[in-house]
Amino acid sequence: MKVEPIRDMKDIKSIKKLLSSHPRNFLLFTLGINSALRVSDLLRLTVGQVRYSNIGDRVSIVEKKTGKTNVFMINKEIKDALDNYLKTVKANDLDYLFKSRKGKNAPLTTYAVTKYVKEWCNAINLHINAGSHTLRKTWCFQQRTK
């Protein structure tokens, strides 16, 4: 089943409002829809890769799927969400940014992110085929409509 992007800015704002009291998930959503990274690459990010970033900084990663270097920019939305999240956790630079609650230093799974995205969409009555790839597709869709 193909997943779909979130097309309407109203729905994006509704999900952000829903997640506003959950800093980790707010950052996951914000970073996902603002970076165009695959979820497998989002989940491999460490705190040290982004902790000291400022607005306009570029972060380089090596994509898991392709082995190629990819660069994304820290925009104001990402920076604000990142700063808010890092205030709520004790994390060293080697910790995964999106740590699972299971295990010592394991990242969330793609399955968990898929479950979250579906829950967020259902919570705002957005009836689309949603999954973890919805975040990346949302970035692409929003870029085309600008």
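## Helices and where they sit

Helices here are DSSP runs of at least four residues, numbered from the N terminus. With that in hand, Ser-132 is easy to place: Ser-132 lies in the loop between H6 and H7. Keep in mind that this is a predicted model.

## Helix H2, wrapped up by its surroundings

Let's start with H2, which runs over residues 23-35. H2 has 13 residues, and from its first C-alpha to its last it reaches 18 Å, close to the 18 Å expected at 1.5 Å a residue. Right after H2 comes Ala-36, which has a positive phi near 65°.

Is H2 largely enclosed or not enclosed by the rest of the structure? It's largely enclosed, because 12 of its 13 residues are buried. The buried set takes in Pro-23, Arg-24, Asn-25, Leu-27, Leu-28, Phe-29, Thr-30, Leu-31, Gly-32, Ile-33, Asn-34 and Ser-35. The cover over these residues includes helices H1 (9-19), H3 (39-43) and H5 (76-88), strand E2 (69-73), and also H6 and H7.

## H2 against H6

A pair of packed helices is described by the angle between the axes and the distance between them. For H2 and H6 (residues 110-123), the axes come within 12 Å and cross at roughly 90°. That makes H2 roughly perpendicular to H6, since angles of 65 to 115 degrees count that way.

On the H2 side, Arg-24, Asn-25, Leu-28 and Phe-29 make the contact, and H6 brings Val-113, Tyr-116 and Trp-120. Sorted by class, the residues where H2 touches H6 come out as 5 nonpolar, 1 polar and 1 charged.

## H2 against H7

Now for H7, which covers residues 133-144. The axes of H2 and H7 are 6 Å apart, and the two helices pack at an angle of about 45°. That makes H2 oblique to H7, and the crossing of the pair is right-handed.

Which residues of H2 meet H7? They are Leu-28, Phe-29, Gly-32, Ile-33, Asn-34 and Ser-35, and across from them H7 offers Leu-135, Arg-136, Thr-138 and Trp-139. The class count for the contact of H2 with H7 is 5 nonpolar, 4 polar and 1 charged. Leu-28 and Phe-29 turn up in the H6 contact and in the H7 contact as well.

## Helix H7 itself

H7 has 12 residues and spans 17 Å between its first and last C-alpha, close to the 16 Å expected at 1.5 Å a residue. Its buried residues are Thr-134, Leu-135, Arg-136, Thr-138, Phe-141 and Gln-142. H1, H2 and H6 are among the elements that cover them.

## Two loop residues

Back to Ser-132: is this residue buried or exposed? Ser-132 has a relative accessibility of 11%, so it counts as buried, the cut-off being under 20%. Leaving aside neighbours within four places in sequence, Ser-132 is in contact with Val-39, Thr-110, Val-113, Thr-114 and Val-117. Val-113 also belongs to the H6 side of the contact with H2.

Arg-51 sits in another loop, the one between helix H4 (47-50) and strand E1 (58-62). Its relative accessible area is 24%, so Arg-51 is partly exposed. Setting aside neighbours within four places in sequence, Arg-51 is in contact with Lys-79, Leu-86, Ala-91, Asn-92 and Asp-93. Arg-51 and Asp-11 are 40 residues apart along the chain, and their C-alpha atoms are separated by 28 Å.

Technical notes: Residues numbered from 1 in each chain as written. Predicted model: local features only at pLDDT ≥ 70, side-chain atom pairs only at ≥ 80, totals over all residues. Heavy atoms only, no water. Axes fitted to C-alpha atoms, helices over the stretch in contact; angles between N-to-C directions. Parallel < 35°, antiparallel > 145°, perpendicular 65-115°, else oblique. Contact = heavy atoms within 4.5 Å. Nonpolar A, V, L, I, M, F, W, Y, C, P; charged D, E, K, R; others polar. Left-handed = near helix turned anticlockwise from the far one by under 90°. Expected span 1.5 Å × (residues − 1). Buried < 20%, exposed > 50% of the residue type's maximum accessible area, 1.4 Å probe, protein only.
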